[in-house]
Amino acid sequence: MATFTNSLAFFFFFLAAVSMASAQLSSTFYDKSCPKALSTIQTAVKAAVKKEARMGASLLRLHFHDCFVNGCDGSILLDDTSNFTGEKTAGANQNSIRGYDVIDNIKTQVESVCKQTVSCADILAVAARDSVVALGGPSWRVQLGRRDARTASLSAANSDIPLPTFDLSNLTSAFSKKGLSTTDMVTLSGAHTIGQARCTSFRNRIYNENNIDSSFKTSLQSNCPSSGSDNNLSPLDASTPTTFDNSYYKNLVNQKGLLHSDQQLFNNGSTDSQVKTYSSNASKFTSAFASAMVKMGNISPLTGSNGEIRTNCRKIN
């Protein structure tokens, strides 16, 4: 009987520990320690997006690429050191990820209102939300309380971030590894309703694939030759490139997905029906996107005494 009682006590202790671990992030985390944090970040993001609309997509992508490598821990922001090679030169990031300077500026402003209190990882999460809102998209309550990693992983960045060449099975697997469902994957891919991509990331699609609208293909080829001009840009959503809406899904239905990985979501496969639903129901997409962003933001955060609060997002303290 004593053994049973002890086992039961351990079971409830385990449940409580799990509950505490999952409840460590909170939307009110900085309400007392740094009440001006969220408004400071929002003002800075609005200014950056007003200056250059594309920056909204860049900040959203920074958060995404951060979370997919060892969790949402700000590791993507770390510069290389003698002890480790950071994530900035990973295949999915090099010459592509941008916005580091905007995050530096936000961090400086946040440090001025409360020193070493708000993590770089949380700044990324809030900036992603504020960027979406600035471009006409939905808002959501960002869960806060992440701490910053003291190291980064080039190998994990090269293996875990989904690539524009991925087929549906690769995409599903990459998201599944992070605890995200296929439904989450299709929903989060809707982030491609804003932003631009380099010629090198869609060249093969516009010259060698058939599931693409012919006029769309021709227009893209004029700006992306079969060789050279790798850094020429085209919008991921040619319809409304700087507005966060459901046009991305409408484009897929019309075979106007820019990346190979985009069009895979609507290519006579299991995700076609979800794409069609989002293409005809904007509110259903934006509501699902907000929920999926909260879920993604909860991937393996450092909390409690783990990690640190960096004063400079590019280097450990």
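This presentation describes the overall fold, the salt bridges and several individual residues of one protein chain.

Good morning, colleagues. The structure under discussion is a predicted model. I shall begin with the chain as a whole.

The protein chain contains 14 helices and two strands. Its radius of gyration is 21 Å, close to the 20 Å that the globule rule gives for 317 residues, so the chain is as compact as a globular protein of that length. The C-alpha trace spans about 70 × 50 × 40 Å along its principal axes. Of the 317 residues, 49% are buried. The chain exposes about 14500 Å², and carbon and sulfur atoms supply 51% of that area. Turning to contacts between residues at least 6 apart in sequence, 75% join residues at least 24 apart.

I now come to the charged pairs. How many salt bridges does the count give? The count comes to 13 salt bridges. I shall present three of them.

In one of these, aspartate 122 meets arginine 146, with 2.6 Å between N and O. This pair links distant parts of the chain: aspartate 122 belongs to helix α5, residues 120–134, while arginine 146 is in the loop between α5 and α6, 24 residues apart. Aspartate 122 is buried, with a relative accessible area of 0%, and arginine 146 also counts as buried, at 2%.

Another salt bridge joins aspartate 230 to arginine 203, the closest N and O atoms being 3.0 Å apart. Here too the pair links distant parts of the chain: aspartate 230 is in the loop between α10 and β2, and arginine 203 is in helix α9, 27 residues apart. Aspartate 230 is partly exposed at 35% relative accessibility, whereas arginine 203 is buried at 14%. Salt bridges that share partners also join Asp79, Lys88, Asp104 and Arg314 into one network.

Within that network, aspartate 79 pairs with lysine 88, their closest N and O atoms lying 2.4 Å apart. Aspartate 79 is partly exposed, with a relative accessible area of 28%, and lysine 88 is buried, with 15%. Lysine 88 is also touched by glutamine 94, a residue in the loop between α3 and α4. Glutamine 94 is partly exposed at 39%, and its other contacts beyond four places in sequence are Thr89 and Arg198.

Which charged residue is buried yet has no salt bridge? Aspartate 272 is such a case: the nearest side chain of opposite charge, lysine 276, is 7.7 Å away. Because a salt bridge requires the nitrogen and the carboxyl oxygen to be within 4 Å, that separation does not qualify. Aspartate 272 is in helix α13, residues 272–280, and its side chain reaches the backbone nitrogen of glycine 269 at 3.3 Å. Leaving aside neighbours within four places in sequence, aspartate 272 is in contact with Leu265, Phe266 and Asn267.

Leu265 is likewise a contact of methionine 185, together with Leu168, Leu171, Thr172 and Phe175. Methionine 185 lies in helix α8 and is buried, with a relative accessible area of 0%.

Finally, I turn to glutamate 308, in the segment after α14. Glutamate 308 is buried, at 8% relative accessible area. Its side chain reaches the backbone nitrogen of asparagine 317 at 2.9 Å. Beyond four places in sequence, glutamate 308 touches Arg147, Asp148, Arg150, Ile316 and Asn317.

Thank you for your attention.

Technical notes:
Residues are numbered from 1 along each chain as its sequence is written. This is a predicted model: local features need pLDDT of at least 70, side-chain atom pairs count only at pLDDT 80 or more; totals for chains, interfaces and linings use all residues. Side-chain values use heavy atoms; hydrogens and water are left out. Helices (H or I, at least four residues) and strands (E, at least two) are DSSP runs, numbered from the N terminus. Buried means under 20% relative accessible area, exposed over 50%, partly exposed in between (1.4 Å probe, protein chains only). Lys and Arg count as positive and Asp and Glu as negative; His and the chain ends are not counted. A polar contact is a pair of N or O atoms within 3.5 Å; within protein, one must be able to donate a hydrogen and the other to accept it, and residues adjacent in sequence count only if both atoms are side-chain atoms. Contact means heavy atoms within 4.5 Å. The radius of gyration is taken over C-alpha atoms; the globule rule is 2.2 Å times the number of residues to the power 0.38. Accessible areas come from the Shrake-Rupley method with a 1.4 Å probe; for residues, only the protein chains shown count as cover.
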